[in-house]
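Colleague: I'm new to this structure and would like a close look at a single part. Could you walk me through how one pair of helices meets, and then place it among some other features?

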Amino acid sequence: MAPPPKNTAPVGTRHKRQKPHKALPKTSKLTDQQREALTAELKLLPELIKARYKKWKAGARRFQLDCMEVQVLRRNVILHAATGSGKTGIAAGPHLLPSSKGKVTLVVSPLLSLHDEQVTTFQEEFGLDAVAINSTHGGCTKEKMAEIVSGKWQIVLLSPEMLLSRRFIDKVLRKPEFGSRCLSVFIDEAHCVSHWGASFRKKYGTIRIIRAFLPRSTPIIAVTATLTPRVHQDLLEKLQFDPNDYLFVNIGNDRPVVSQVVRAIEHPMNTYRDLDFLVPSDMCTPDDIKKAFVYSDDTKDGEKLTDHLNTLVKEEYRALGLVRPYNATMSKKYRKEVMQLFKAGIVRILVCTDAAGMGCDIPDIDIVVQWKVAKNLSSWVQRAGRAARAAGRTGLAVMLVEKSAFEVGCSPGAPELLVEETSNGYGQGRGRGRGRGRGRGRGQGRGRGVGRGAKQAAGYAVLHGQKRGSYSGTFDTVPEADGPPITVDAAGEGIYVFIQTSTCRRKVLARVFRNGEPSVEASRCCDICNPSLFNSTRPSKPTTAARQQTVKKGDVVESVRDALYTWRTSIKRRYFPTSMWASHAILDNSTCGTLASIGPIESKDQLARILSAWARWNQLGDELFEFMVNLDIPPLPPNPKRGPAKRRDAPQAPPEATLSSLPAPKRRRVTVESPEAHRSATSLSNQFTQHAPPTAGPSTLPTPRPRPRPRFSTQITAAEAQCSLLPPTRRTLPAPVRLSPRLLHHLLTTVPPGIDPADYELHPPIVPSQ
């Protein structure tokens, strides 16, 4: 069967014929004449920047001018520079040139919460017309897209999801008019292309699609503060850069004005007492609290952390809200107002997530704290870079990590690997890790593998700085152990190497991000170079938890409990007459029962200890104490005196049952009444034999299964038969007779219920048979 002709609908369907799309015009490379004209214009750029940009009084830096020139000449750029170094200005500078009039720059930014702030920066600092296209501003409306195509906005901020949406592609990117106006595509925080492109924001991984709709010569400018070799390679592949035709500028991400400190969390993590250094104990005014960002990746943790820090604030300033949470789950209005209050200095501490992370430009932050281990080194560098962004300021970046972070091995690709410490630093043992090993790991078989036992874990952690920075300061000295090796594919980009290192922390960052050799004074470098930096981050004094005393209770006194019920009802009517809840919300039934079973209240402190968890103690504690003091509460009965415990001897095996070992109870003597019993022994023996179950031979009638008999002699005498058939109280024997072991066992075990064996005796005395 011949295939259907091209551009025709399949037979038997209602599919319409699809019209082929017209090929978009592709702008070719610049001609020599155009290049000469642009080069002449670029010579005027440094003076234009000084004249137009108010905050750039000293002019643009060399790397900024290089990136602007290459951008105007239609070449791709990858820039690696520290936070706060002026990367955003590279997108704004080319718009000062006369040839860029009417041009549009698309700025791809990862966080919607920062779009408005970036729009304000472009408008106020650079004097450009900027707009943000996102869901909070109505999305891709018809009017806005028409304005973008017409060139009304010089800067258009949007997320990668909005950039690659079908509506934006059809109404903007496909328009030939916009293609001729597009100056460049500026990708801010370009490391997200590698970090997020394969996970929860997959549009970052397909951002290269825009090249199919824009002119081929449209440059892409990728800037980031955290560019590892792996991220660099990902950018080249996912953005479709020509490896031989792009500009790579790497000035490093080191910020000498920010000191770096890493220490373990000393107190239990649910107490958050390791953060007490943020609020001075001797604060007099809100300005005594330094402006700080506290990053907590868990929003629930952040709420508890906020509550703890608020309790440290002086009570008269607590209502001002000096400590506030900030994350993406909160409303846009709240985030905007809180950020304005923080910039104004009214809010002093902001407990936040990445919603106030990448791209957040606040010049006067003094301290940045990372609560628990950061996800990777890129995240740590981005967050630490929020501190001291203004010229002439210095800051402090502190990472408070779990104690277990000092026990984690740093082998490539195995963050859970535990390394056994030996005299040479590392050794072999059982555990988790790569290669052959006993247990979980990458490999199979039973044998030796790299790992560390539980006994060596504590020693390894201490040698790598687990106790440094504690309250006592005893272990602040630099650890003598060699730092873990740094590899390209280390877990978390080498975050655990950074934590456990015994050399300068900036050297670790320099090796991971290919920075230059650090040239920072030791006094403000890091806690390895200057352990006295710990004095600014000490945890509060450790306290020994007091042993909770149990409350002595007795029986519940009904009259006291009823009186407490009446009291809570009167309190509700007096203070909460219009409330919808019942009176037991003030003092629940269980608490009333406890108070009615503890006897008289002797002091207010006693009542406070009993009601330590009562939420209304500060409000109603005095009234409740006065009420209970006036009640007639009977005292608790004294505890019964207990004598000394009786000593229990070890159980012993019972002796063999013999007549001599039997107890001597009160006995009733039974004698033989007639000599006829002796003469009938033979006939009784025959009856016993006839009624006994057969021992062999076939049987015509079904017989019950006999009980197992003890292994005694099967012989039975006439005297034995007579004794076994008589009632227990009449079991007498003729003149001295020898008993077989079987009859002796029978006499001792066949006493009917209700008969005490001690009430009768066998007479004459029994002599066991030999």
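Modeller: Here is a walk through one helix pair, followed by a few other features to set it beside.

Keep in mind that this is a predicted model. Let's start with helix H6, which covers residues 142-150, and helix H8, which covers residues 166-173. Their axes come within 9 Å and cross at roughly 40°. Angles under 35 degrees would count as roughly parallel, so H6 and H8 are oblique to each other. As for handedness, H6 passes H8 in a right-handed crossing. On the H6 side, the contact is made by Lys142, Met145, Ile148 and Val149. H8 brings Arg167, Phe168, Lys171 and Val172 to meet them. Sort these by class and you get five nonpolar residues, three charged ones and no polar ones.

Now for another helix pair, further along the chain numbering: helix H18 (residues 558-575) and helix H21 (residues 617-629). Here the axes come within 12 Å, and the crossing angle is roughly 140°. This crossing, too, is right-handed. H18 puts Ala563, Leu564, Trp567, Ile571, Arg574 and Tyr575 into the contact, while H21 supplies Leu620, Glu623, Leu624, Phe627 and Met628. By class, that makes nine nonpolar and two charged residues, again with no polar ones.

Next, the strands. Seven of them form an open sheet with parallel pairing, in the order S3-S4-S2-S5-S6-S1-S7. At the edges sit strand S3 (130-133) and strand S7 (246-252), each pairing on one side only. Ignoring direction, neighbouring strands in this sheet are turned by 15° against each other on average. If you want to zoom in on one edge, look at S3 and strand S4 (residues 155-158): the two run parallel and are joined by four bridges. Within that pairing, Ala132 has Leu157 of S4 as its bridge partner.

Last stop, the charged pairs. Side chains of opposite charge can pair when their charged atoms come close. The structure holds 27 salt bridges, and one to pick out is between Arg538 and Asp476, with the closest N and O atoms 2.4 Å apart. This pair links distant parts of the chain, as the two residues are 62 residues apart. Arg538 lies in the loop between helix H17 (505-513) and H18, which is the H18 you met above in the contact with H21. Asp476 belongs to the loop between helix H15 (454-463) and helix H16 (495-500).

Methods:
Residues are numbered from 1 along each chain as its sequence is written. This is a predicted model: local features need pLDDT of at least 70, side-chain atom pairs count only at pLDDT 80 or more; totals for chains, interfaces and linings use all residues. Side-chain values use heavy atoms; hydrogens and water are left out. Axes are lines fitted to C-alpha atoms, for helices over the stretch in contact, and angles run from 0 to 180 degrees between N-to-C directions. Angles under 35 degrees count as roughly parallel, over 145 as roughly antiparallel, 65 to 115 as roughly perpendicular and the rest as oblique. A crossing is left-handed if the near helix is turned anticlockwise from the far one by less than a right angle, and right-handed if clockwise. Contact means heavy atoms within 4.5 Å. Ala, Val, Leu, Ile, Met, Phe, Trp, Tyr, Cys and Pro count as nonpolar, Asp, Glu, Lys and Arg as charged, and the others, Gly among them, as polar. Two strands pair if DSSP finds at least two bridges between them. A salt bridge is a side-chain nitrogen of Lys or Arg within 4 Å of a carboxyl oxygen of Asp or Glu.
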